[in-house]
Amino acid sequence: MVNELADKVAVITGGSSGIGRGLVQRFVAEGARVVIGDVEIDGGEALSAALGPNAFFQRTDVSDPEQVTALVATAVEKFGGLHVMVNNAGVSGPLRRLLDEDFNDFHRVMAVNVLGVMAGTRDAARHMAANGGGSIINLTSIGGIQAGGGVMIYRASKAAVIQFTKSAAIELAYHDIRVNAIAPGNIPTPILASSARGMEPEELERFEARIRQGMRDDRPLKREGTPEDVAEAALYLATDRSRYVTGTILPVDGGTSAGKVIRSRKHDG
(Lines give C-alpha, C1' and ligand atoms only; values in the text may rest on other atoms or scores of the structure.)
Protein backbone atom coordinates (compact mmCIF):
# COMPACT_ATOMS: atom_id res chain seq x y z
CA MET A 1 0.00 0.00 0.00
CA VAL A 2 1.17 3.55 -0.69
CA ASN A 3 0.24 6.97 0.64
CA GLU A 4 -1.33 5.45 3.74
CA LEU A 5 -0.80 8.73 5.57
CA ALA A 6 -2.01 11.07 2.86
CA ASP A 7 -3.61 14.21 4.35
CA LYS A 8 -2.28 13.31 7.81
CA VAL A 9 -0.10 15.52 10.00
CA ALA A 10 2.38 13.93 12.39
CA VAL A 11 4.81 15.09 15.04
CA ILE A 12 7.87 12.91 15.65
CA THR A 13 10.19 13.73 18.53
CA GLY A 14 13.81 12.63 18.43
CA GLY A 15 13.49 12.55 14.65
CA SER A 16 16.95 13.74 13.66
CA SER A 17 18.73 10.39 13.89
CA GLY A 18 18.40 6.69 14.62
CA ILE A 19 14.93 5.21 14.85
CA GLY A 20 13.33 8.65 14.75
CA ARG A 21 14.96 9.45 11.43
CA GLY A 22 13.61 6.22 9.98
CA LEU A 23 10.14 7.10 11.25
CA VAL A 24 10.25 10.56 9.66
CA GLN A 25 11.41 9.21 6.32
CA ARG A 26 8.73 6.53 6.19
CA PHE A 27 5.91 8.83 7.25
CA VAL A 28 6.81 11.43 4.62
CA ALA A 29 7.11 8.69 1.99
CA GLU A 30 3.58 7.61 2.91
CA GLY A 31 2.23 11.10 2.30
CA ALA A 32 2.27 12.63 5.79
CA ARG A 33 3.37 16.13 6.64
CA VAL A 34 5.77 15.79 9.54
CA VAL A 35 7.09 18.17 12.17
CA ILE A 36 10.41 16.93 13.58
CA GLY A 37 11.33 17.84 17.13
CA ASP A 38 14.87 17.25 18.35
CA VAL A 39 17.78 18.89 20.17
CA GLU A 40 20.10 17.83 17.34
CA ILE A 41 19.78 20.88 15.11
CA ASP A 42 22.16 20.05 12.25
CA GLY A 43 20.73 16.59 11.64
CA GLY A 44 17.14 17.77 11.96
CA GLU A 45 17.55 20.70 9.59
CA ALA A 46 19.41 18.57 7.05
CA LEU A 47 16.72 15.89 7.13
CA SER A 48 13.94 18.44 6.78
CA ALA A 49 15.66 20.06 3.81
CA ALA A 50 16.23 16.70 2.13
CA LEU A 51 12.58 15.69 2.48
CA GLY A 52 11.14 18.93 1.13
CA PRO A 53 8.05 20.94 2.06
CA ASN A 54 6.29 18.07 3.82
CA ALA A 55 8.86 18.09 6.62
CA PHE A 56 9.63 20.87 9.08
CA PHE A 57 12.19 20.91 11.89
CA GLN A 58 11.82 22.68 15.21
CA ARG A 59 14.49 22.51 17.88
CA THR A 60 12.79 20.88 20.86
CA ASP A 61 13.99 19.60 24.21
CA VAL A 62 11.19 17.29 25.30
CA SER A 63 12.31 17.45 28.94
CA ASP A 64 10.74 20.93 28.93
CA PRO A 65 6.94 20.59 28.66
CA GLU A 66 6.59 24.13 27.35
CA GLN A 67 8.75 23.25 24.35
CA VAL A 68 6.60 20.17 23.70
CA THR A 69 3.48 22.33 23.81
CA ALA A 70 5.09 24.70 21.30
CA LEU A 71 6.02 21.79 19.02
CA VAL A 72 2.43 20.56 18.86
CA ALA A 73 1.20 24.10 18.27
CA THR A 74 3.63 24.46 15.37
CA ALA A 75 2.23 21.35 13.69
CA VAL A 76 -1.32 22.65 13.99
CA GLU A 77 -0.42 26.14 12.80
CA LYS A 78 1.87 25.12 9.94
CA PHE A 79 0.05 22.06 8.58
CA GLY A 80 -3.48 22.60 9.83
CA GLY A 81 -3.90 19.84 12.38
CA LEU A 82 -2.41 16.85 14.15
CA HIS A 83 -3.42 13.25 13.55
CA VAL A 84 -0.42 11.23 14.74
CA MET A 85 1.95 11.92 17.64
CA VAL A 86 5.10 9.81 17.95
CA ASN A 87 6.91 10.31 21.25
CA ASN A 88 10.23 8.83 20.24
CA ALA A 89 12.91 11.01 21.86
CA GLY A 90 14.95 9.13 24.42
CA VAL A 91 18.32 9.00 26.14
CA SER A 92 20.28 6.46 28.14
CA GLY A 93 22.53 6.77 31.15
CA PRO A 94 25.99 5.20 31.45
CA LEU A 95 26.25 1.43 31.59
CA ARG A 96 27.29 0.62 35.15
CA ARG A 97 26.49 -1.79 37.94
CA LEU A 98 23.88 -0.78 40.51
CA LEU A 99 26.49 -0.79 43.29
CA ASP A 100 28.47 1.80 41.31
CA GLU A 101 25.45 3.96 40.40
CA ASP A 102 25.61 7.59 41.52
CA PHE A 103 22.19 8.54 40.03
CA ASN A 104 23.63 11.71 38.53
CA ASP A 105 21.70 11.03 35.30
CA PHE A 106 18.41 10.13 36.97
CA HIS A 107 16.57 13.42 36.49
CA ARG A 108 17.81 13.89 32.91
CA VAL A 109 16.82 10.37 31.81
CA MET A 110 13.43 10.53 33.50
CA ALA A 111 12.73 14.02 32.17
CA VAL A 112 13.39 13.01 28.56
CA ASN A 113 12.10 9.44 28.56
CA VAL A 114 9.06 9.81 30.83
CA LEU A 115 8.08 13.46 31.22
CA GLY A 116 8.65 14.06 27.49
CA VAL A 117 6.31 11.19 26.60
CA MET A 118 3.68 12.32 29.09
CA ALA A 119 3.77 15.93 27.88
CA GLY A 120 3.65 14.88 24.23
CA THR A 121 0.70 12.58 24.88
CA ARG A 122 -1.15 15.26 26.82
CA ASP A 123 -0.65 18.05 24.30
CA ALA A 124 -1.43 15.90 21.28
CA ALA A 125 -4.54 14.55 23.01
CA ARG A 126 -5.81 18.02 23.81
CA HIS A 127 -5.93 18.81 20.10
CA MET A 128 -7.13 15.36 19.02
CA ALA A 129 -9.96 15.29 21.58
CA ALA A 130 -11.44 18.40 20.01
CA ASN A 131 -10.86 17.27 16.44
CA GLY A 132 -12.15 13.74 16.02
CA GLY A 133 -9.41 11.65 17.64
CA GLY A 134 -6.06 10.36 16.46
CA SER A 135 -3.19 8.02 17.17
CA ILE A 136 -0.43 8.44 19.76
CA ILE A 137 2.60 6.16 19.58
CA ASN A 138 5.10 6.03 22.41
CA LEU A 139 8.54 4.47 22.03
CA THR A 140 9.55 2.28 24.94
CA SER A 141 12.10 -0.56 24.79
CA ILE A 142 12.40 -4.25 25.52
CA GLY A 143 14.52 -2.95 28.40
CA GLY A 144 11.22 -1.83 29.92
CA ILE A 145 9.75 -5.33 29.49
CA GLN A 146 12.67 -7.56 30.43
CA ALA A 147 14.65 -7.23 33.63
CA GLY A 148 18.41 -7.16 33.35
CA GLY A 149 21.59 -5.74 34.79
CA GLY A 150 22.99 -2.35 33.88
CA VAL A 151 21.34 0.92 32.80
CA MET A 152 18.84 0.62 35.66
CA ILE A 153 17.55 4.17 35.28
CA TYR A 154 16.93 3.66 31.56
CA ARG A 155 15.08 0.40 32.19
CA ALA A 156 12.94 2.02 34.87
CA SER A 157 12.08 4.93 32.57
CA LYS A 158 11.02 2.63 29.76
CA ALA A 159 8.90 0.52 32.11
CA ALA A 160 7.20 3.73 33.20
CA VAL A 161 6.37 4.52 29.56
CA ILE A 162 4.61 1.16 29.27
CA GLN A 163 2.40 1.74 32.29
CA PHE A 164 1.66 5.31 31.26
CA THR A 165 0.74 4.23 27.72
CA LYS A 166 -1.80 1.69 28.96
CA SER A 167 -3.29 4.16 31.43
CA ALA A 168 -3.55 6.93 28.84
CA ALA A 169 -5.16 4.51 26.39
CA ILE A 170 -7.93 3.80 28.86
CA GLU A 171 -8.60 7.45 29.62
CA LEU A 172 -8.37 8.75 26.05
CA ALA A 173 -10.42 6.01 24.37
CA TYR A 174 -13.55 8.05 25.09
CA HIS A 175 -12.19 10.69 22.70
CA ASP A 176 -11.38 8.11 19.97
CA ILE A 177 -7.68 8.55 20.63
CA ARG A 178 -5.64 5.38 20.40
CA VAL A 179 -2.46 5.16 22.49
CA ASN A 180 0.02 2.37 21.84
CA ALA A 181 3.70 1.75 22.39
CA ILE A 182 6.46 0.12 20.38
CA ALA A 183 9.26 -1.68 22.22
CA PRO A 184 12.28 -1.92 19.91
CA GLY A 185 15.12 -4.27 20.72
CA ASN A 186 18.53 -4.87 19.19
CA ILE A 187 18.16 -2.06 16.67
CA PRO A 188 21.56 -0.48 15.87
CA THR A 189 21.26 3.18 16.89
CA PRO A 190 23.58 5.76 18.52
CA ILE A 191 21.94 5.29 21.94
CA LEU A 192 24.15 2.30 22.79
CA ALA A 193 27.32 4.34 22.31
CA SER A 194 25.87 7.06 24.54
CA SER A 195 25.79 4.59 27.44
CA ALA A 196 29.56 4.19 27.17
CA ARG A 197 30.57 7.82 27.47
CA GLY A 198 34.22 8.46 28.21
CA MET A 199 35.61 5.44 26.39
CA GLU A 200 38.41 5.77 23.88
CA PRO A 201 37.33 5.11 20.25
CA GLU A 202 38.93 1.65 20.05
CA GLU A 203 37.56 0.66 23.44
CA LEU A 204 34.10 1.90 22.42
CA GLU A 205 34.24 -0.13 19.21
CA ARG A 206 35.08 -3.29 21.14
CA PHE A 207 32.36 -2.54 23.69
CA GLU A 208 29.69 -2.07 21.03
CA ALA A 209 30.79 -5.20 19.16
CA ARG A 210 30.59 -7.27 22.34
CA ILE A 211 27.15 -5.96 23.29
CA ARG A 212 25.80 -6.37 19.76
CA GLN A 213 27.03 -9.95 19.61
CA GLY A 214 25.31 -10.70 22.91
CA MET A 215 22.09 -9.27 21.49
CA ARG A 216 22.41 -11.47 18.40
CA ASP A 217 22.94 -14.54 20.54
CA ASP A 218 19.75 -13.79 22.50
CA ARG A 219 17.62 -13.03 19.43
CA PRO A 220 15.59 -15.92 17.93
CA LEU A 221 15.40 -14.30 14.48
CA LYS A 222 18.88 -14.13 13.02
CA ARG A 223 18.33 -11.15 10.71
CA GLU A 224 19.35 -7.76 12.04
CA GLY A 225 16.66 -5.31 13.03
CA THR A 226 16.61 -1.87 11.42
CA PRO A 227 14.93 1.49 12.03
CA GLU A 228 12.79 0.63 9.00
CA ASP A 229 11.35 -2.34 10.90
CA VAL A 230 10.26 -0.01 13.69
CA ALA A 231 8.86 2.45 11.15
CA GLU A 232 6.75 -0.32 9.62
CA ALA A 233 5.21 -1.04 13.02
CA ALA A 234 4.61 2.66 13.63
CA LEU A 235 2.93 3.00 10.26
CA TYR A 236 0.49 0.25 11.19
CA LEU A 237 -0.35 1.94 14.50
CA ALA A 238 -0.70 5.33 12.81
CA THR A 239 -3.26 4.20 10.22
CA ASP A 240 -6.84 3.03 10.28
CA ARG A 241 -5.59 -0.54 9.90
CA SER A 242 -5.19 -0.47 13.70
CA ARG A 243 -8.47 1.32 14.40
CA TYR A 244 -9.46 -1.26 17.05
CA VAL A 245 -6.01 -1.41 18.66
CA THR A 246 -5.19 0.61 21.75
CA GLY A 247 -3.26 0.08 24.97
CA THR A 248 -0.90 -2.41 23.35
CA ILE A 249 2.86 -2.77 23.65
CA LEU A 250 4.33 -4.08 20.40
CA PRO A 251 7.85 -5.51 20.66
CA VAL A 252 9.92 -5.13 17.49
CA ASP A 253 12.88 -7.18 18.62
CA GLY A 254 13.25 -10.33 16.53
CA GLY A 255 11.59 -12.36 19.28
CA THR A 256 14.07 -11.41 22.02
CA SER A 257 11.45 -10.57 24.63
CA ALA A 258 9.58 -13.83 23.94
CA GLY A 259 12.23 -15.83 25.75
CA LYS A 260 15.70 -17.30 25.67
CA VAL A 261 17.05 -19.10 22.63
CA ILE A 262 17.44 -22.85 23.16
CA ARG A 263 20.63 -23.96 21.48
CA SER A 264 21.43 -27.46 20.30
CA ARG A 265 23.88 -28.99 17.87
CA LYS A 266 21.08 -29.32 15.37
CA HIS A 267 20.17 -25.66 15.58
CA ASP A 268 23.79 -24.58 15.55
CA GLY A 269 24.39 -26.57 12.38
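# Salt bridges, contacts and empty space

Biologist: How does Glu-224 count in terms of exposure: buried, partly exposed or exposed?

Modeller: In this predicted model, Glu-224 has a relative accessible area of 31%. Buried means under 20% and exposed means over 50%, so a value of 31% places Glu-224 in between. Glu-224 therefore counts as partly exposed.

Biologist: With which residue does the side chain of Glu-224 meet in a salt bridge?

Modeller: A salt bridge requires a side-chain nitrogen of Lys or Arg within 4 Å of a carboxyl oxygen of Asp or Glu. Glu-224 supplies the acidic side, and the N to O distance is 3.5 Å. The partner of Glu-224 is Arg-219.

Biologist: Which residues are joined into one network by salt bridges that share partners?

Modeller: Salt bridges that have partners in common form one network here. Its members are Arg-26, Glu-30 and Glu-232.

Biologist: Is Arg-219 buried or exposed?

Modeller: Arg-219 lies in the loop between helix 7 (201-218) and helix 8 (227-238). The relative accessibility of Arg-219 is 3%. Because the limit for this class is under 20%, Arg-219 counts as buried.

Biologist: Which residues are in contact with Arg-219, leaving aside its neighbours within four places in sequence?

Modeller: One of them is Glu-224, whose side chain also joins that of Arg-219 through a polar contact of 3.5 Å. With the sequence neighbours left aside, the full set is Asn-186, Glu-224, Asp-253, Gly-254, Thr-256 and Val-261.

Biologist: What is the N to O distance in the salt bridge between Asp-123 and Arg-122?

Modeller: Asp-123 is buried, at a relative accessible area of 5%, whereas Arg-122 is partly exposed, at 36%. Their side chains meet in a salt bridge with an N to O distance of 2.9 Å.

Biologist: In which helix do Arg-126 and Asp-123 both lie?

Modeller: The side chains of Arg-126 and Asp-123 meet in a salt bridge of 3.7 Å, N to O. Arg-126 is exposed, with a relative accessible area of 56%. The two residues are three residues apart, about one turn of the helix. Both belong to helix 4 (residues 106-129).

Biologist: How many salt bridges does the count come to?

Modeller: The pair Asp-123 and Arg-122 is among them, as is the pair Glu-224 and Arg-219. The count comes to ten.

Biologist: Which backbone oxygen lies 3.2 Å from a polar atom of the side chain of Arg-33?

Modeller: Arg-33 is found in strand 2 (residues 33-38) and is partly exposed, at 26% relative accessibility. Not counting residues up to four places away in sequence, Arg-33 touches Asp-7, Lys-8, Val-9, Ala-10, Asn-54 and Phe-79. The backbone oxygen at 3.2 Å is that of Phe-79.

Biologist: What distance separates the C-alpha atoms of Ser-48 and Val-34?

Modeller: Ser-48 lies in helix 2 (residues 41-51) and is buried, with a relative accessible area of 12%. Its contacts beyond four places in sequence are Ile-36, Ala-55, Phe-56 and Phe-57. Val-34 is 14 residues from Ser-48 along the chain, and their C-alpha atoms are separated by 9.0 Å.

Biologist: What is the volume of the largest cavity?

Modeller: Rolling a probe the size of a water molecule over the atoms reveals where empty space remains. The structure holds one cavity of 30 Å³ or more. Its lining includes Ser-92, Arg-96 and Tyr-154, and the lining residues divide into five nonpolar, two polar and three charged. The volume of the largest cavity is about 50 Å³.

Biologist: Which residues lie nearest the centre of the second largest pocket?

Modeller: The second largest pocket holds about 260 Å³ of space. Its lining divides into three nonpolar, six polar and six charged residues. Among the 15 lining residues, those nearest the centre are Lys-8, Gly-134, Ser-135, Arg-178 and Asp-240.

Biologist: What percentage of the residues of the protein count as buried?

Modeller: The secondary structure comes to nine helices and seven strands. Of the contacts with a separation of 6 or more, 69% are between residues 24 or more positions apart. Of the 269 residues, the share that counts as buried is 47%.

Definitions and conventions: Residues numbered from 1 in each chain as written. Predicted model: local features only at pLDDT ≥ 70, side-chain atom pairs only at ≥ 80, totals over all residues. Heavy atoms only, no water. 1 Å grid on protein atoms, 1.4 Å probe; cavity = no way out; pocket = protein on both sides within 12 Å on 5 of 7 lines; lining within 4 Å. Points joined across faces, edges and corners; volume = space filled by probe spheres on them. Nonpolar A, V, L, I, M, F, W, Y, C, P; charged D, E, K, R; others polar. Buried < 20%, exposed > 50% of the residue type's maximum accessible area, 1.4 Å probe, protein only. Helix = DSSP H or I, 4+ residues; strand = E, 2+ residues; numbered from the N terminus. Polar contact = N/O pair within 3.5 Å; in protein donor to acceptor, adjacent residues only side chain to side chain. Contact = heavy atoms within 4.5 Å.
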